[in-house]
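Open the model in your viewer and keep the sequence panel beside it. The stops below are in walking order, each with a selection to make and a note on what is there.

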Amino acid sequence: MHKIMILPGDGIGPEVTAVARRVLETLASGGELELSIEEGDIGGVSIDTHGVPLTDAVVERAREADAVLLGAVGGPKWDTLERDRRPERGLLRIRTELGLFSNLRPAILFPQLADASSLRAELVAGLDILIVRELTGGIYFGRPRGIDAGEDGHRRGYNTLIYSEPEIRRIARSAFEVAMRRGRKVTSVDKANVLESSELWREVVTDTAREYPEVELSHMYVDNAAMQLIRAPKQFDVIVTGNMFGDILSDAAAMLTGSIGMLPSASLNESARGLFEPIHGSAPDIAGRNVANPLASVLSVSMMLRYTLGRADLAERVDRAVSTVLDLGLRTADIAAPGEASVGTTEMGEQIVACLATSG
Ligand code: NAD
């Protein structure tokens, strides 16, 4: 029995997670998966109901769950609150509380949508890369940090890029583990020609690779990786990198696909439990209108099945269902070509569920 906690959140969060929930329930009703699902509040809805963006009770229940599925948080209603009380704090807190150090950001482009990319269709059609970004260390957290008066009368700002050997080893292992479930190729991205922290990064990743003889490891400097992502992105399978490089490269890779409504993500902890969520936000501009694309949330369920629940077979079924509805020509407004007819969130959900129900 797998315990799943759903945190729909704000804006389009509840609309897209309702579809994702039906996907999970359809798999469960086919008898292939035993699930218990519960829901909780996070973000603005939690502020309105409980006065805080995330309650201790929800944190406790999320800790007990095998996986958490999140919608999105935030919206203009809460934008004027003090920083510490805003919806986004709930998200930061749950990531910290669950110890989520490994952030998996796929850039997948279904061939049916190749025209949505800003790159030529033949460069990106069928793109399927996964960026594994270290999420809790590196320059965003290193100390010392600050802005001070400086020694020469000029103020100076500084941060520290620091990675310990265990931090590097665990993110490397996380990347090799996910590569074993995919194309078995890992590219480690660093700046070892300039940075000592990268020198250690490269050494430890190379050493960790010995535990995974089936995986092919290569190294690439971050400037070259940025270039290669734009030049020939299909050369990559899994990219593993530190917090800041991963932040930048994963956004660039996501945009190769041209459709924010299609991209899921996962954040895992040391026991491979995790939080799964679309990369998009709460989209207040379209919330409540039944036009949001639910596929990023559905594909987040696929990542949950693959990386936490150990059910690659069911993950493939979900991926196939998404591909089938695209083959059928179904498009939500965000992925429809100009002038092309579109379907709403619930109709897209119904079609996915229908495909799943018949594909067992
Ligand atoms: P956004 O991702 O919510 O929206 C950007 C644009 O993409 C909008 O035009 C929106 O309509 C469109 N879009 C997003 N998801 C879509 C979907 N599934 N289907 C169709 N169109 C979609 O980013 P934003 O507008 O910068 O932020 C809105 C709010 O979301 C803010 O409060 C922000 O803080 C929050 N946010 C939350 C998360 C999160 O919860 N993880 C991430 C980013 C932003």
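**Stop 1: helix 11 against helix 12**

Select Arg 317, Val 318, Ala 321, Val 322, Thr 324 and Val 325 in helix 11, then add Met 348, Gln 351, Ile 352, Cys 355 and Leu 356 in helix 12; these two sets meet. By type, this contact of helix 11 with helix 12 consists of eight nonpolar residues, two polar and one charged. Bear in mind at every stop that the model is predicted.

Now show the full elements, residues 312–327 for helix 11 and residues 345–358 for helix 12: they pack at about 125°, and their axes are 9 Å apart. Helix 11 and helix 12 are therefore oblique to each other. The crossing of helix 11 over helix 12 is right-handed.

**Stop 2: helix 10 against helix 11**

Keep helix 11 on screen and add helix 10, residues 295–307; the angle between the two is about 160°, with the axes 7 Å apart. Helix 10 and helix 11 therefore run roughly antiparallel to each other. Here the crossing is left-handed.

For the side chains, select Leu 295, Val 298, Leu 299, Ser 302, Leu 305 and Arg 306 in helix 10. Their partners in helix 11 are Ala 312, Leu 314, Ala 315, Glu 316, Val 318, Asp 319, Val 322 and Leu 326. The contact of helix 10 with helix 11 has 10 nonpolar residues, one polar and three charged. Val 318 and Val 322 of helix 11 are among the residues that meet helix 10, and both also belong to the set that meets helix 12.

**Stop 3: helix 1 against helix 12**

Go back to helix 12 and add helix 1, residues 13–29. The axes of helix 1 and helix 12 come within 10 Å and cross at roughly 15°. Helix 1 and helix 12 are therefore roughly parallel to each other, and helix 1 passes helix 12 in a right-handed crossing.

Select Glu 15, Val 19, Arg 22, Val 23, Thr 26 and Leu 27 on the helix 1 side, and Thr 345, Gly 349, Glu 350, Ile 352, Val 353, Leu 356 and Ala 357 on the helix 12 side. Seven nonpolar, three polar and three charged residues make up this contact of helix 1 with helix 12. Ile 352 and Leu 356 of helix 12 are in the set that meets helix 1 and also in the set that meets helix 11.

**Stop 4: the largest pocket**

Turn on a surface and look for the largest pocket, which holds about 800 Å³ of space. It is lined by 30 residues, and the closest to its centre are Leu 91, Leu 92, Arg 95, Arg 133 and Leu 135. Colour strand 3 (67–72), helix 4 (87–97), strand 4 (102–108), helix 9, strand 11 (264–268) and strand 12 (274–278); each gives two or more residues to the lining of the largest pocket.

Which element gives the most to the lining of the largest pocket? Helix 4 does, with six residues. The lining of the largest pocket divides into 11 nonpolar, nine polar and 10 charged residues.

**Stop 5: the largest cavity**

The count of cavities of 30 Å³ or more is one. About 110 Å³ of space lies in the largest cavity. To find it, select its lining: Leu 161, Tyr 163, Val 189, Asp 190, Ser 197, Ser 198, Trp 201, Gly 242, Asn 243, Met 244 and Phe 245. Strand 8 (185–190), helix 7 (196–209) and helix 9 (243–257) each supply at least two residues of that lining. Its residues divide into six nonpolar, four polar and one charged.

**Stop 6: two backbone details**

Select Arg 143 and Pro 144, which are joined by a cis peptide bond with omega about 5°. Pro 144 is in the loop between strand 5 (128–134) and strand 6 (146–148).

Finish at Ala 272, in the loop between strand 11 and strand 12. Its phi is near 65°, a positive value in a residue other than glycine.

Terms used: Residues numbered from 1 in each chain as written. Predicted model: local features only at pLDDT ≥ 70, side-chain atom pairs only at ≥ 80, totals over all residues. Heavy atoms only, no water. Axes fitted to C-alpha atoms, helices over the stretch in contact; angles between N-to-C directions. Helix = DSSP H or I, 4+ residues; strand = E, 2+ residues; numbered from the N terminus. Parallel < 35°, antiparallel > 145°, perpendicular 65-115°, else oblique. Left-handed = near helix turned anticlockwise from the far one by under 90°. Contact = heavy atoms within 4.5 Å. Nonpolar A, V, L, I, M, F, W, Y, C, P; charged D, E, K, R; others polar. 1 Å grid on protein atoms, 1.4 Å probe; cavity = no way out; pocket = protein on both sides within 12 Å on 5 of 7 lines; lining within 4 Å. Points joined across faces, edges and corners; volume = space filled by probe spheres on them.
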